[in-house]
Amino acid sequence: VSFSSAHSWFVPPPPVITELFSGPHLPPPPPAGPRPMAKAITSARTVETCTSLSKLPEFLYDHPPSRSSASRLRVILPSRVKAPAPVSDALIHQAKKHWRSLPLRLRTDDELDRLARKLNLFSGLWRFWVEPDRADATWSRVAHAVLMQRLGPRAEIQLKHGGNTMRLPIDVMTPDYRDRAEVLAVRRALREEIGVVRPIPYFPHITKKLRVRTAQFVPGSRAEKHWYYE
């Protein structure tokens, strides 16, 4: 018995097509038009916000972190959040340049406070991370606590954080980083009401705006000692 007759069921594979759209068995290229990626980028930057306790159940139902298409979800207590005055990029660049020009011995708390007054930027935030399978429940507790005035006046969960989907960051804001009592009260509420047990960092927005690190402060200063990981 020959090989061909014994294996008459065998069908040779089709010829390899090396070009995606020019092969005779494929449709012609689609007509030129707007790139779909532009739409994806736009939709990926959407932010959904809730500012009312009465609307919170509907907000959580419509936008659970596990299924939301937004890039961020946010809850804000309007009565406690003041919109900062706009600051020009030139003024921010000037403040960055000034800080970087200072020798270490002059990078003090007072100097950072002076720059914060110049930029009118006093808020800060506690940040902690949550696994995706716990995001819905944790975010619900945070959102309720904010709108019931038991946390800071604003919180946000980032759903698209640099492509990292293993842990999602949740930020809880405080109005004034200089008010140590209030900053630590929010941390205590995160421990007792939300269940955050690991050390978490605190970021004054002025340090993020100027890209300041604790290593850039005088050793023993307020920032170097207790802003990070309490």
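How many aromatic pairs does a search of the whole structure find? In this predicted model, the search returns 1 aromatic pair. Rings also take part in contacts with charged side chains. Arginine 178 is placed over the face of phenylalanine 122, at a distance of 3.9 Å from the ring centre. A second arrangement of this kind involves phenylalanine 203, whose face has lysine 208 lying over it at 4.8 Å from the ring centre.

The strands were examined next. An open sheet is formed by 6 strands, arranged in the order β1-β2-β4-β5-β3-β6, with mixed pairing. Its edges are β1 (47–50) and β6 (202–204), each of which pairs on one side only. From one strand to the next, the twist averages 20°. Within the sheet, strand β2 (residues 72–76) pairs with strand β4 (residues 154–158) in the antiparallel sense, over 5 bridges. Valine 75 has alanine 155 in β4 as its bridge partner. Phenylalanine 203, the residue beneath lysine 208, falls within the range of the edge strand β6 (202–204).

Two helices lie across strands of the sheet. Helix α6 (residues 132–147) lies across β1, β2, β3 (124–130), β4 and β5 (168–174). The direction of α6 is at about 165° to that of β4. Helix α7 (residues 180–194) lies across β3, β5 and β6, and runs at about 20° to β3. Strands β3 and β5 are thus crossed by α6 and also by α7, whereas the edge strand β1 is listed with α6 and the edge strand β6 with α7.

A further packing arrangement involves two helices. The axes of helix α4 (residues 89–101) and helix α5 (residues 109–119) come within 11 Å and cross at roughly 170°. Because angles over 145 degrees count as roughly antiparallel, α4 is roughly antiparallel to α5. On the α4 side, the residues that meet α5 are Leu91, Ile92, Gln94, Ala95, His98 and Trp99. Their counterparts in α5 are Glu111, Leu112, Arg114, Leu115, Lys118 and Leu119. By class, this contact comprises 7 nonpolar, 2 polar and 3 charged residues. The charged residues in the contact are Glu111, Arg114 and Lys118, each of them located in α5.

Technical notes
Residues are numbered from 1 along each chain as its sequence is written. This is a predicted model: local features need pLDDT of at least 70, side-chain atom pairs count only at pLDDT 80 or more; totals for chains, interfaces and linings use all residues. Side-chain values use heavy atoms; hydrogens and water are left out. Axes are lines fitted to C-alpha atoms, for helices over the stretch in contact, and angles run from 0 to 180 degrees between N-to-C directions. Helices (H or I, at least four residues) and strands (E, at least two) are DSSP runs, numbered from the N terminus. Angles under 35 degrees count as roughly parallel, over 145 as roughly antiparallel, 65 to 115 as roughly perpendicular and the rest as oblique. Contact means heavy atoms within 4.5 Å. Rings of Phe, Tyr and Trp (its six-membered ring) pair if their centres lie within 6.5 Å; planes under 30 degrees apart count as stacked, over 60 as edge-to-face and the rest as tilted. A charge sits over a ring if NZ of Lys or CZ of Arg is within 6 Å of the ring centre and within 35 degrees of the ring normal. Two strands pair if DSSP finds at least two bridges between them.
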